[in-house]
Amino acid sequence: MQLDWIDDILAVIDTGSLAQAAERRFLTQSAFTRRVRAIEEKLGTRLFDRSRKPVVALPGVRALEPELREMSARLRRMQLNLRVSDSQAGEAFTLVCQHAITATISPWVVRQLTARGEASVRVRSGNRDECLMMLLSGEVEFAMAYEAPDERRQTLVRGLEATALGADQLVPVAAPELAAQAAAGGADHLPLIGYPPDVFLGRVFGQYIVPRLPETTVLSLKAETALTLAALEYALSGIGVAWLPRTLVAGHLTAGRLRRLDGLPEQELSITLTRLAGPQHAHHDALWRDLAAHPEFPGVLPV
């Protein structure tokens with residue numbers, strides 16, 4: 001099934017008229033009618049009931065309409081990707097970011113790279129373990145993720161090269177009313193928006209935050225999510241206290257939608273850029289050097 005055939009069929013379905021469909025397809029009515037007949041001959045079946053006004057697709061065509069639309073969209077995407085691939089051969093690259101970094105730092109990266117003339121930057125998102133797996137499998141060129149400062153050398157997989165771009169902080173925040181209650185003496189019993197213990201921020205929270213909480217603090221888990229953006233929305237809704245990256249909440253803190261809770265532990269996180277070790281494509285190698293040498297991410301502390 002050719003894309004032109006699909007578009008001709010959909011034009012008739014959408015307009016209910018061979019004449020209007022011909023206009024949409026930039027053909028004369030006679031030429032378009034000949035094309036429709038040629039399609040029917042190739043397929044060996046009639047497609048439309050021309051005796052009715054407006055023209056009606058036959059039941060078999062109507063049943064396939066959703067599939068035809070999906071196929072048309074898929075073929076157009078394929079055409080676009082092939083054109084982009086041909087025009088950008090050797091220049092496009094793919095970056096995967098830990099979820100929170102995708103929302104805060106990757107826009108800066110994409111803006112910097114496109115401003116300097118990079119043709120295409122593909123950004124994917126995942127948890128930290130997924131980011132490393134995408135890197136090791138060759139699906140992406142670079143991975144950007146958080147590391148706890150004293151664990152980076154322990155967890156870095158052999159065969160990977162990493163460089164520190166800057167630092168962020170995991171900070172306790174809450175909606176103003178809840179923060180006011182905590183400041184007034186209610187900090188001993190905190191409603192918590194937590195992370196699953198098997199994800200990176202959950203491990204950081206359990207290993208670095210919990211042991212440093214005041215002895216009198218009792219955490220009451222209200223919600224648990226692996227997504228920092230979801231935890232942010234829960235905190236904004238007043239559900240509980242969330243430990244979130246400072247880069248993610250900075251705007252909300254400035255606007256007063258969230259408040260930072262004093263007296264509770266915070267944790268510094270390194271932001272690292274990782275790639276496979278060994279010889280690199282010259283273009284990707286230049287991008288790596290540029291990002292490593294001049295991060296200057298908004299809101300990120302220097303290395």
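**Exercise 1. Decide whether Phe 205 is buried or exposed, then classify its pairing with Trp 243.**

Step 1. Phe 205 has a relative accessibility of 11%. Buried means under 20%, so Phe 205 counts as buried. Keep in mind as you work that this is a predicted model.

Step 2. Now turn to the partner: Trp 243 comes out at 1% relative accessibility, so this residue is buried as well.

Step 3. A pair of aromatic rings is described by the distance of the centres and the angle of the planes. For Phe 205 and Trp 243, the centres are 5.2 Å apart and the planes stand at 65°. Planes over 60 degrees apart count as edge-to-face, so that is the class of this pair.

Step 4. Finally, place both residues on the chain. Phe 205 sits in helix α10 (residues 200-209) and Trp 243 in strand β9 (residues 241-245). With their positions 38 residues apart, the pair links distant parts of the chain.

**Exercise 2. Find how many aromatic pairs the structure holds, and work out the geometry of Phe 142 with Trp 288.**

Step 1. The structure holds two aromatic pairs.

Step 2. In the pair of Phe 142 and Trp 288, the ring centres lie 5.7 Å apart and the planes meet at 50°. That angle is neither under 30 degrees nor over 60, so the pair is tilted.

Step 3. Phe 142 belongs to strand β5 (residues 142-147), while Trp 288 belongs to helix α13 (residues 282-293). The pair therefore ties together parts that are 146 residues apart in sequence.

Step 4. Check the burial of each ring: Phe 142 has a relative accessible area of 0% and is buried, and Trp 288, at 5%, counts as buried too.

**Exercise 3. Describe the surroundings of His 252.**

Step 1. Locate the residue: His 252 is part of helix α12 (residues 246-255).

Step 2. Its relative accessible area is 17%, so His 252 is buried.

Step 3. List its contacts, leaving aside neighbours within four places in sequence: Leu 232, Leu 236, Arg 257 and Leu 258. Leu 236 is 16 residues away in sequence, with 8.7 Å from C-alpha to C-alpha.

Step 4. Look for a polar contact: the side chains of His 252 and Arg 257 are joined by one of 2.9 Å.

**Exercise 4. Summarise the chain as a whole.**

Step 1. Count the elements: there are 13 helices and eleven strands.

Step 2. Of the 303 residues in the chain, 45% are buried.

Step 3. Consider contacts with a separation of 6 or more: residues 24 or more positions apart account for 75% of them.

Step 4. For the surface, the chain exposes about 15800 Å², and carbon and sulfur atoms supply 52% of that area.

Methods: Residues are numbered from 1 along each chain as its sequence is written. This is a predicted model: local features need pLDDT of at least 70, side-chain atom pairs count only at pLDDT 80 or more; totals for chains, interfaces and linings use all residues. Side-chain values use heavy atoms; hydrogens and water are left out. Helices (H or I, at least four residues) and strands (E, at least two) are DSSP runs, numbered from the N terminus. Buried means under 20% relative accessible area, exposed over 50%, partly exposed in between (1.4 Å probe, protein chains only). Contact means heavy atoms within 4.5 Å. Accessible areas come from the Shrake-Rupley method with a 1.4 Å probe; for residues, only the protein chains shown count as cover. A polar contact is a pair of N or O atoms within 3.5 Å; within protein, one must be able to donate a hydrogen and the other to accept it, and residues adjacent in sequence count only if both atoms are side-chain atoms. Rings of Phe, Tyr and Trp (its six-membered ring) pair if their centres lie within 6.5 Å; planes under 30 degrees apart count as stacked, over 60 as edge-to-face and the rest as tilted.
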